[in-house]
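Me: I have a model open here and would like to talk it through with you. Could you go over it with me, starting with the overall picture?

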Amino acid sequence: HKQFLKICNSLFDLADSESFTEENALIKIMQLGDYASYHLGTEEEFFTKTKYPDALAHIKEHNHFREKSENFINQVRDKNLDTRKIIIEVAEFSGEWVLNHILVTDQKYSAYFNEHGIR
């Protein structure tokens, strides 16, 4: 989760940077998407391993994040849109999503995972 937030913060930093480029923006958004795929995929493997009963609802939230990330990537590739504005939207959406996901959704499986030997 710390890495998620670190990438979100780096998006804000990039948006304010004098070295901002559309290429750097795309690289950062793709970095966020890649990390999300890794992290969310790992959680989903644990769901399968432990037969987590609320897995489908949880994965639905993951898929929402994945879809939004893909939409943001497509927007950054669109030369007619304001990339700097999109980067800020990505950072805001991702930061809020991750915090909500950690504080609410992930808490639902925490005890279940601990009972099944995952810490």
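**Contacts, fold and surface**

Reply: This is a predicted model, and a good place to begin is its contacts: of those with a separation of 6 or more in the protein, 78% are between residues 24 or more positions apart.

Me: OK, and what secondary structure is there, in what order along the sequence?

Reply: The protein has four helices and zero strands, and reading along the sequence gives the pattern α-α-α-α.

Me: What does the C-alpha trace span along its principal axes?

Reply: The C-alpha trace of the protein spans about 50 × 20 × 20 Å along those axes.

Me: How much of it is buried, and how much area does it expose?

Reply: Of the 119 residues in the protein, 42% are buried, while the area that the protein exposes comes to about 7300 Å², with carbon and sulfur atoms supplying 52% of that figure.

Me: Let's pick a residue. Where is His 39, and is it buried or exposed?

Reply: His 39 sits in helix 2, which covers residues 22-50, and it counts as buried because its relative accessible area is 13%, which is under the 20% cut-off.

Me: Which residues does it touch, sequence neighbours aside?

Reply: Once the neighbours within four places in sequence are left aside, His 39 is in contact with His 1 and Phe 4.

Me: Switching to charge, how many positive and negative side chains are there?

Reply: The protein carries 14 positive and 20 negative side chains, and the centres of these two sets lie 5 Å apart.

Me: Which residues form the negative surface patch?

Reply: That negative patch on the surface is made of Asp 82, Glu 89, Glu 92 and Glu 96. Of these, Glu 92 can be placed in helix 4, residues 83-115.

Me: Why does Glu 92 count as partly exposed?

Reply: Its relative accessible area is 40%, and partly exposed is the class between the 20% and 50% cut-offs, so Glu 92 is described as partly exposed.

Me: And which residues make up the nonpolar patch?

Reply: Leu 99, Leu 103 and Val 104 form a nonpolar patch on the surface, and together they have about 280 Å² of accessible area.

Me: Where does Val 104 sit, and what is its relative accessible area?

Reply: Val 104 is also placed in helix 4, and with a relative accessible area of 41% Val 104 is partly exposed.

Terms used: Residues are numbered from 1 along each chain as its sequence is written. This is a predicted model: local features need pLDDT of at least 70, side-chain atom pairs count only at pLDDT 80 or more; totals for chains, interfaces and linings use all residues. Side-chain values use heavy atoms; hydrogens and water are left out. Helices (H or I, at least four residues) and strands (E, at least two) are DSSP runs, numbered from the N terminus. Buried means under 20% relative accessible area, exposed over 50%, partly exposed in between (1.4 Å probe, protein chains only). Contact means heavy atoms within 4.5 Å. Accessible areas come from the Shrake-Rupley method with a 1.4 Å probe; for residues, only the protein chains shown count as cover. Lys and Arg count as positive and Asp and Glu as negative; His and the chain ends are not counted. The place of a charge is taken as NZ of Lys, CZ of Arg, CG of Asp or CD of Glu. Patches are made of residues with over 30% relative accessible area and no salt bridge: like charges are joined within 9 Å, nonpolar side chains (Val, Leu, Ile, Met, Phe, Trp, Tyr) within 5 Å. A salt bridge is a side-chain nitrogen of Lys or Arg within 4 Å of a carboxyl oxygen of Asp or Glu.
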